[in-house]
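Student: I've got a model open on my screen and I'd like to talk through how it is put together. Can we go through it bit by bit?

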Amino acid sequence: MDATMMASLAVLALIDSTSFGTLLIPIWLLLHPGPVRSGRILIFLGTVATFYFALGLIVTLGAGALLPQISAVLATRPVQWAQLVLGVALFFWSFVMGRNKKSAGAGRMHRWRQRALDDEGGALPLAGLALTAAAVEVGSMLPYIAAIGLITTAALPLATVTVTLAGYCLLMITPALVLLAARLTAGKRLDPVLTRVGNWMSNSETIAWIVGIVGFLLARDAAAKLMLIGR
């Protein structure tokens, strides 16, 4: 695995770290009245990371059985040109998405927030909430799908794939862990910052810029393979 691929995976993991399940719900849990329930937040983040890891491993191993055929197809110029077109299309589509100020998922976010803040049932309901939040995002986890694609086409050994996916998932939840540590250290003084971040994620064009970055990475990878640019 070269430095370029590692950097791309790191960028994708950090993009994934800003999703609804990996950052927004943890922020809402941190804003819950009363003392910080670090154990509950760790259970939530651990469950989300485990779900992503298991899903990535299953998909990667499933793709690995057909890797020679997949690699041969992906190495063809028509497919590389199609990847380039898709990446460019996603990049420019992100600007169109950014014009829509009202998020279709806003109502769903508020429902998740209510569940996250009101759930007093212990570890199992919280783990269930984490699994449900992660499952809801399966259809929109573009960064993770792109990361799995990069890992699969690199034809890495199983041990390397496992470590890489584990590192990806750990990096994905790191921003939430940093906020948890900061909240435990700073106490309620951090609440205004957390509130602003939560509002920004709920009301801003987060999905648009995620799509734009994924499109850029896909287009850059295809352009390098087509030798339109240097690696």
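**Talking through the helices**

Tutor: Sure, let's start with one residue: Tyr144 lies in helix α8. Keep in mind that this is a predicted model.

Student: Is Tyr144 buried or exposed?

Tutor: The cut-off for buried is under 20% relative accessible area. Tyr144 has a relative accessibility of 1%, so Tyr144 counts as buried.

Student: And what does Tyr144 touch, once residues up to four places away in sequence are not counted?

Tutor: Tyr144 is in helix α8, and its partners come from well outside its own stretch of sequence: Asp16, for instance, is 128 residues apart from it along the chain, with the two C-alpha atoms separated by 7.0 Å. The full set that Tyr144 touches is Asp16, Tyr52, Phe53, Gly56, Leu165, Tyr168 and Cys169.

Student: Let's zoom out. How many helices and strands does the protein have?

Tutor: Reading along the sequence gives the pattern α-α-α-α-α-α-α-α-α-α-α. The count is 11 helices and 0 strands.

Student: How are α1 and α8 oriented to each other?

Tutor: Helix α1 covers residues 3–16 and helix α8 covers residues 142–153, and their axes come within 9 Å and cross at roughly 160°. Angles over 145 degrees count as roughly antiparallel. α1 and α8 are therefore roughly antiparallel to each other.

Student: Which residues make that contact, and how do they divide into nonpolar, polar and charged?

Tutor: From α1 come Met5, Ser8, Leu9, Leu12, Ile15 and Asp16, and from α8 come Pro143, Tyr144, Ala146, Ala147, Leu150 and Ile151. Sorted by class, the contact of α1 with α8 has 10 nonpolar, 1 polar and 1 charged.

Student: What about α1 and α9: how are they oriented?

Tutor: Their axes are 8 Å apart and the packing angle is about 40°. An angle counts as roughly parallel under 35 degrees and as roughly perpendicular from 65 to 115. α1 and α9 are therefore oblique.

Student: Which residues of α9 are in that contact with α1?

Tutor: α1 passes α9 in a right-handed crossing. On the α1 side the contact uses Leu9, Ala10, Leu12, Ala13, Leu14 and Asp16, and on the α9 side it uses Thr164, Tyr168, Leu171 and Met172.

Student: That leaves α8 with α9. What is the orientation of α8 to α9?

Tutor: The axes of α8 and α9 come within 11 Å and cross at roughly 160°. That makes α8 roughly antiparallel to α9.

Student: How many charged residues are in the contact of α8 with α9?

Tutor: α8 puts in Pro143, Tyr144, Ala147 and Ile151, while α9 puts in Val161, Thr164, Leu165, Tyr168 and Cys169. By class that is 8 nonpolar and 1 polar, and the number of charged residues is none.

Student: Which residues have the most contacts inside the largest nonpolar core?

Tutor: This core has 37 residues. The elements giving it two or more residues are α1, α2 (20–30), α3 (38–65), α8 and α9 (158–186). Inside the core, those with the most contacts are Phe44, Tyr144, Ile151 and Tyr168.

Student: How many of the residues of α2 are buried?

Tutor: The buried residues of α2 are Phe20, Gly21, Thr22, Leu23, Leu24, Ile25, Pro26, Ile27, Trp28, Leu29 and Leu30. So the helix is mostly covered, with a tally of 11 of 11.

Student: I noticed Thr60 in helix α3. Which residues is Thr60 in contact with, leaving aside neighbours within four places in sequence?

Tutor: Thr60 is buried, at 6% relative accessible area. Its contacts are Ile148, Ile151, Thr152, Val161 and Leu165.

Student: Last one: is Lys225 buried, exposed or partly exposed?

Tutor: Lys225 sits in helix α11 (residues 206–225), and its C-alpha is 7.3 Å from that of Gln80, 145 residues apart in sequence. Buried means under 20% relative accessible area and exposed means over 50%. At 26% relative accessibility, Lys225 is partly exposed.

Key
Residues are numbered from 1 along each chain as its sequence is written. This is a predicted model: local features need pLDDT of at least 70, side-chain atom pairs count only at pLDDT 80 or more; totals for chains, interfaces and linings use all residues. Side-chain values use heavy atoms; hydrogens and water are left out. Axes are lines fitted to C-alpha atoms, for helices over the stretch in contact, and angles run from 0 to 180 degrees between N-to-C directions. Helices (H or I, at least four residues) and strands (E, at least two) are DSSP runs, numbered from the N terminus. Contact means heavy atoms within 4.5 Å. Ala, Val, Leu, Ile, Met, Phe, Trp, Tyr, Cys and Pro count as nonpolar, Asp, Glu, Lys and Arg as charged, and the others, Gly among them, as polar. A nonpolar core is a set of buried Ala, Val, Leu, Ile, Met, Phe, Trp, Tyr and Cys residues joined through side-chain atoms within 4.5 Å. Buried means under 20% relative accessible area, exposed over 50%, partly exposed in between (1.4 Å probe, protein chains only). A crossing is left-handed if the near helix is turned anticlockwise from the far one by less than a right angle, and right-handed if clockwise.
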